[in-house]
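Let's take the labels used for this model one at a time. For each label, ask what value stands behind it.

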Amino acid sequence: MKKGLKIIGAILLLLFLGLLIVPYIFKDKLVDKLKEEANKELNAELKFEDVDLSFFSHFPELTLEINELSIVGVDNFEGVELISFQTFGMSLGLGKVIKGELPEILKLYIHEPSINLIVKPSGIANWDIVKSSGETDISTNEDTAVDEQSDFSIQLNYYEITNAHLKYHDQSSATLVVIDNLSHSGSGDFSKSTFALLTKTSIENILVEFEGEKYVNNWGLDTKINLDVNMEANSFRLTDNELKINEFLLKSEGEVIMGDSSIYMDLNVSAPNIDLRQLISLLPPTYSSDLDGVSIGGNSSFNAWVKGDYTDSTYPLFALDLEVNNGSFKYPDLPKTAEDIEIKTHVELPDVNDLDKLWINIEKFNVNLGGNLIAAGFTLNHPLTSMDFTSRLSAAIDFTTLKDVLPQDNEAVYSGIMRANMNAKGSLTKIEAEDYEELEANGKLHLEAFNYYSTQFSMPVKIQKALLVFEMDELELESFEANIGESNVMLDGKLKNFIPYALFDKQLYGELNLKSTNLNINEMMSIMIEDTANNEVTQSEKGTELVEPQIDTVSAMLPKNIDFKMRTGVSKLKYQQLELIDFQGDLVLKDGILTLNSCKANTLGGQLNMSGSFDESIVKAPMALLNFSFTDINIKESGEKIEMIANYSPITKYTSGKVSGKLSLETSLDEQWNPIYESVYSKGNIKSKKVKVEGFEVIDKLASLTKMEEVLDNEFEDININYEIIDGKAYIKPFDFKIDQLTGNSSGSLSLDQQIDFDVHMSVPTEMLGSGAGQLLGQLAGALSGLGLESEVPEKIEMDIKITGTVDKPIIKPNFSGVSGSTAKEVVKEKIKEEIDKAKEEALDKAAEEAEKIMKDAKKEAAKLLKEAQKNIDQLKKEGYAQADKLEAEASNYFEKIAAKAAATELKKQIDKQAANAMKEAKAKADKILADAQKQADRLKN
């Protein structure tokens, strides 16, 4: 007995050892077979880290597990991962493994798969990896070919996918779909021709994005689908099926039959017991909000059906109806209810041959938001061609009471009344083409006492009243009165091409009249900069690759698609530290250039006239080109309130008196529209009958050194100065001055870092010299004697003085050369002329070098752009032509070949057209780069 038990134990032990060892005997053979079969069929690289074989997971079947499997693209998708699995497992029949053949697949399970589907702009997809018949290795032995085709045997009865991640990015249509945490399982006897297939699916999150806008986000999905499968007839009958999206539950029934070239569908979908909560949960994230605690009511229904064949040229008929009656919702912390929600929508395709006959009719969309009534409707016909539409909207809203029914942003406050009644009928394609013959549009929008405040907005907005009248493509602003911060604005006028501007970003034309008692330009510019900064977009959602280009802060301040002419009358206008009183003038905004025509105002105690432009079309930086004339401007106040004057003429802060003159100014602007001083070029003439300088270190030190502080009152008479600013340095051309009986002339330069270099010649009557002049006269007599001249002091003393150093720490060196005043004057004039000419020459050389560099960089940039465009075009044509050739190659019979050849020819034509347009666009951009650079270079050289 004991001996028999030992024998049985030994046999069991041998069997157990066999079960452990046998899988490893066949492991390498099976792995090699798998790789061989995969590489034979795929235009991709199959990788995996490890393969495990075991009898114990699904005994008596052999279990194959492939760990960390991936399929990586080649050619156009070199290095791009298409599919990866943490674990890819199969339950296999052992018989064929022992024979060295590919075994029967009985069960299939996949853990943590990641699928990355990409479509390039040319339409080529990274999942098109199965080799065509011409690419696979086919043996000349027909028996071998038959044997190879019969290697695969699937007796599948269960499959399972857990924790899957899928990403679909179609670059040709800017479409992104991301599915996270998908689990799916199915069971059925796949070995039979007819069987029942039972499936379950759950998805934690679905994201759908189109052109950067999220239409679906955080959707959850659960399905239970039961199919009666007939493999011989290729038919699938749906019975007792449920689809739940968030809280929206759908039931479906019907049949799908897969034909050789068509799919027949006869399906009905309905939503029993639907309520408003379920509908709202399906809205895009922009329009839906957190519904926790919100009480929702109303009777709703949803029904849809599809019936007919789907082929390359026909579509099944379908219709969809959605209705909501007596709908309502109420937030728990708010006193009022949104009620009387009525929605009636019908969508239908009545023609199997023409998808363009799709009809969308939102017959009714009404809601009462706590006494605020909104009623709207919309229809759309021919969505693929003319896009004919009708729309209507009427609304009466008190923004103050909206907070009683809708949650408000704590950072924003609204109040005021809006009444609207608008209707439109026409074709969107004709509107885009600016053809308004058949457009019918009319209505009014009226605002009263509308107030808006937000912590994210630097100042409150108050619209006392606004009346806008719509007629065709024209919007008449009958009245508009508003306060923005400390500014008030009154507008009237007309806007043309308004609908194309609003819908398609086309050109907007306007003629407006603006009046204001107080207009703060500093506030307005800060609003525009804030608004642009807040609208800069970068995509950071998981899985997205769509990155919006960064926009320069200033670039949106003067839109290029607005053509405005505006007549202005402003009682008080504030710009930087200046206050302009009774400002009048015409402003023209066109192509991103703001032009000032015949503008005038009272400021700084005098009158100012100006004209010029602000141009944002310059490549490097915006440019201001301005001309001024002014009369009786207060000198000290101008130095205190205008930074540029303070930098280039610091003496103004210490000078009392008034000046008149003319000047021109050209400068680049920074992001805040302030002058870039190093880029300033200016020239002009300044005159004054009398000015007095007090406390200016240069003049005080000069008076002290010449011992004339007792007699000089520092009142300069009959000043007439011409200046020129080049490369951040101001050059003062020779000018005469008079202080009491003292006469003189001066010239020199002042740089931005306050370095000074001035030559002064003075003719001083000796009687003006005070009690401290004895030492000075002695020095003068010695100097005259040394020159062989009479040592007696003359009636007038001629002085040449050199002033260097800085404004705060001047260095003054007098020179008693005895040279006559007239001669000295000519010497000084000649010297300063030489200095200015030299500076001009240096500046012109520098400008020429900079201009050459700008053109060189522009040519390089344009060449790079064209080279990159040609590269993309070559790739587009290569991929597109390959796709067209593939269409022809895959045609199997005569008629298919004719159709495929025609389709391929048309595809190539479209590709050539697309390539030509791309090159045309690239050349236009390159020409724009060169033109802008030439424009900037010319300005530098001139």
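Q: Why is Glu861 called partly exposed?
A: Glu861 has a relative accessible area of 44%. Buried means under 20%, exposed means over 50%, and partly exposed is what lies in between (1.4 Å probe, protein chains only). So 44% puts Glu861 in the in-between class. By the way, this is a predicted model, where local features need pLDDT of at least 70 and side-chain atom pairs count only at pLDDT 80 or more, though totals for chains, interfaces and linings use all residues. Residues are numbered from 1 along each chain as its sequence is written, and side-chain values use heavy atoms, with hydrogens and water left out.

Q: Where does Glu861 sit?
A: Glu861 is part of helix α13 (residues 821–890). Helices (H or I, at least four residues) and strands (E, at least two) are DSSP runs, numbered from the N terminus. Glu861 and Leu930 are 69 residues apart in sequence, with 8.9 Å from C-alpha to C-alpha.

Q: How do you know whether Thr667 is buried or exposed?
A: Its relative accessibility is 2%, so Thr667 counts as buried. You'll find Thr667 in strand β32 (residues 655–668).

Q: What makes the link between Thr667 and Ser679 a polar contact?
A: The two side chains come to 3.3 Å. A polar contact is a pair of N or O atoms within 3.5 Å; within protein, one must be able to donate a hydrogen and the other to accept it, and residues adjacent in sequence count only if both atoms are side-chain atoms. At 3.3 Å, the pair fits that distance limit. A polar atom of the Thr667 side chain is also 3.5 Å from the backbone oxygen of Ile676. Contact, in the plain sense, means heavy atoms within 4.5 Å, and beyond four places in sequence Thr667 touches residues including Pro622, Met623 and Val680.

Q: How do you know that β17 pairs with β18?
A: DSSP has to find at least two bridges between two strands before they pair. β17 and β18 (residues 372–381) have nine, and they run antiparallel, so the rule is met. One of the partners is Leu380 in β18, across from Ile360. The hairpin of these strands has two residues between them, and Gly370 there takes a positive phi near 60 degrees.

Q: What makes Phe248 and Phe302 an edge-to-face pair?
A: There are 10 aromatic pairs in the structure. In this one, Phe248 and Phe302 are 5.8 Å apart, centre to centre, with 80 degrees between the planes. Rings of Phe, Tyr and Trp (its six-membered ring) pair if their centres lie within 6.5 Å, and planes under 30 degrees apart count as stacked, over 60 as edge-to-face, the rest as tilted. So 5.8 Å makes them a pair, and 80 degrees makes the pair edge-to-face. Phe248 is in strand β12 (residues 248–258) and Phe302 in strand β14 (residues 295–310), 54 residues apart. Both rings belong to buried residues.

Q: What makes Arg419 and Glu448 a salt bridge?
A: Their closest N and O atoms are 3.3 Å apart. A salt bridge is a side-chain nitrogen of Lys or Arg within 4 Å of a carboxyl oxygen of Asp or Glu, so 3.3 Å qualifies. Arg419 is in strand β20 (residues 412–427) and Glu448 in strand β21 (residues 440–454), so the bridge ties together parts 29 residues apart in sequence. Arg419, at 38%, counts as partly exposed; so does Glu448, at 31%.

Q: How many salt bridges are there, and what is Asp759's partner?
A: The structure holds 13 salt bridges. In one of them, Asp759 meets Lys802 at 3.2 Å, N to O. Asp759 lies in strand β37 (residues 756–765) and Lys802 in strand β38 (residues 796–805), 43 residues apart. Asp759 is buried because its relative accessibility is 10%, while Lys802, at 25%, is partly exposed. Together with Asp757, these two form a network of salt bridges.
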